[in-house]
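User: Hello! I am new to this structure and would like to learn how to read its features. Could you walk me through them?

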Amino acid sequence: MIVVAGEALIDLVPQGPGALAVLKPALGGGPYNTAVALGRLGSATAFCSRVSHDAFGEALLAGLRQADVDVLDVQRGPEPTTLAAATLDANGSATYSFYVDGTADRLFAMPYTLPAETEAVSFGTCSLVLEPGASAYEELMRTTAAQGVFTALDPNIRTGLIPDADAYRARFRSWLPHVSLLKLSEEDALWLGGNPVEWLAAGPSAVVITQGGDGLTAFTRDGKVYPVPGEKVDVVDTIGAGDTVNAALLHGLSARDALSPEGLAGLGHDGWTKLLRYAARAAAITCSRAGAEPPYASELGDL
C-alpha cells in the first residue's frame, strides 16, 4: 500500500483566464490529487490527513472512496475546509490564493501507526508549511524513513503560504536525509536553490524534475541523467499535472517492485525511460482536462 500524507482542500477553478473569471469548486490539494491518481491507476492507496466535517469535507472523502482510496484512518474536525482560489494565465498555468486560517487540515496530528502493509509514504505541498500540522507531517516523515519505509517528497512550493523563505529552504534541506525520491518542478527547483547533485548527496536515491511541456528528467545517485520529452496535448490547464506525475512515478515503481534505494538503482536506462514516459503521458491527459482530473489506468496503456 502507498500512503499519501497531506492536505485535502477545495480548489476554486477559474472557467477562463484573468482574476475575475467565474470560479467552480473542485476537489483538490496536491496530496489529495496524488492519492486519487494512485487509486485510479490501480495502486492500493490510503490517505493520511485531517478533513473537515463540513459539506466540502464530505465531498472530499467521497472523491477518495470513488477512487478506491482507503480513508479509514483520516482524522476529522469541525473546522472549515481550506480553500485555494486559482487564477489562470493565457497559457493555462495556475497561480493560487489560499484561505487557510483556522481550517481543519492544518490541525493534523501524528498518527500512532500506518497500515501494516505500507510500502511507501508520499509527502508535500501546503501540509509541510502550515503549523502545527507541518511539524506532525515532518515527524511522520522522519519516523517512517527510520523504519526503512520508502519516502517520496514533492515540495510543490506555494510562495504565498511561506512567510520566511530562507527558513523554509533550510527546513527543506533538513528533510533530504529522510527522503528516498525527490520530485519537484523546474520552478520549485529554482526557488529552492541548489541542484540535483547537491540534493542527491544529502539523501535521496533519485531526483525527478518536471519541465512542463518539455518533459521531465531523472537524476540518480550514480551520476546518470535520464531525460524524456513531454507529450504534445492541447492544454486546458495545468492543475494537478505535477501531482499526476508524482502518482505515476510511485505507481510505476511499485509495479516494478522498485520502492527501495536498491530498486531505484536497478532501473537503468530502459526502466527509467519507460517510467518517465508513462508519467509524461499521465500528466498530458490531466492537462487536457479542466481541474485536477488524473487519468485511469485504462487510458494510459502499458507501463
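The dialogue below goes through sheets, helix packing, a salt bridge and backbone details.

Analyst: Happy to help! This is a predicted model, where local features need pLDDT of at least 70, side-chain atom pairs count only at pLDDT 80 or more, and totals for chains, interfaces and linings use all residues. Residues are numbered from 1 along each chain as its sequence is written, and side-chain values use heavy atoms, with hydrogens and water left out.

User: Let's start with sheets. In what order do the 9 strands of the open sheet lie?

Analyst: Strands of a sheet pair through backbone hydrogen bonds, either parallel or antiparallel. Here, strands are DSSP runs of E with at least two residues, helices are runs of H or I with at least four, and both are numbered from the N terminus. Two strands pair if DSSP finds at least two bridges between them. The order is β6-β4-β1-β10-β11-β12-β13-β14-β15, with mixed pairing. At the edges stand β6 (69-70) and β15 (225-228), each paired on one side only. Inside this sheet, β1 (residues 2-5) and β4 (residues 45-48) run parallel and are joined by 4 bridges; Ile-2 stands opposite Thr-45 in β4.

User: Which helix packs on that sheet, touching β13, β14 and β15?

Analyst: Helix α9 (residues 268-287) does, and its direction makes about 35 degrees with that of β15. Touching, or contact, means heavy atoms within 4.5 Å. Angles run from 0 to 180 degrees between N-to-C directions, and axes are lines fitted to C-alpha atoms, for helices over the stretch in contact.

User: What about the open sheet of 4 strands?

Analyst: Its order is β3-β2-β8-β9, again with mixed pairing. β3 (23-28) and β9 (94-99) each have a single partner strand, so one side of each is left without a neighbour in the sheet. β2 (residues 9-14) runs antiparallel to β3, with 6 bridges between them, and Leu-9 stands opposite Gly-28 in β3. Helix α2 (residues 55-66) packs on this sheet and touches β2, β3 and β8 (83-88).

User: How do I read two packed helices?

Analyst: Two packed helices are described by the angle between their axes and the distance between the axes. Take α7 (residues 241-255) and α9: their angle is about 145 degrees and their axes are 8 Å apart. Residues in this contact include Ala-248 and Leu-249 of α7 and Ala-279 and Ala-282 of α9. By class, the contact has 12 nonpolar, 4 polar and no charged residues. In that scheme Ala, Val, Leu, Ile, Met, Phe, Trp, Tyr, Cys and Pro count as nonpolar, Asp, Glu, Lys and Arg as charged, and the others, Gly among them, as polar.

User: How many charged residues are in the contact of α3 with α4?

Analyst: There are 3, alongside 3 nonpolar and 2 polar. Among the residues that meet are Glu-138 in α3 and Arg-171 in α4.

User: Which residue forms a salt bridge with Glu-58?

Analyst: A salt bridge is a side-chain nitrogen of Lys or Arg within 4 Å of a carboxyl oxygen of Asp or Glu. The partner is Arg-76, with the closest N and O atoms 2.8 Å apart. Arg-76 lies in strand β7 (residues 75-77) and Glu-58 in helix α2, so the pair ties together parts that are 18 residues apart in sequence. The whole structure has 10 salt bridges.

User: Which backbone details should I look up?

Analyst: Most residues other than glycine have a negative phi, and most peptide bonds are trans. Asp-68 has a positive phi of about 65 degrees although it is not a glycine; Asp-68 sits in the loop between α2 and β6. A cis peptide bond joins Glu-131 and Pro-132, with omega about 5 degrees, and Pro-132 lies in the loop between β10 (120-124) and α3.
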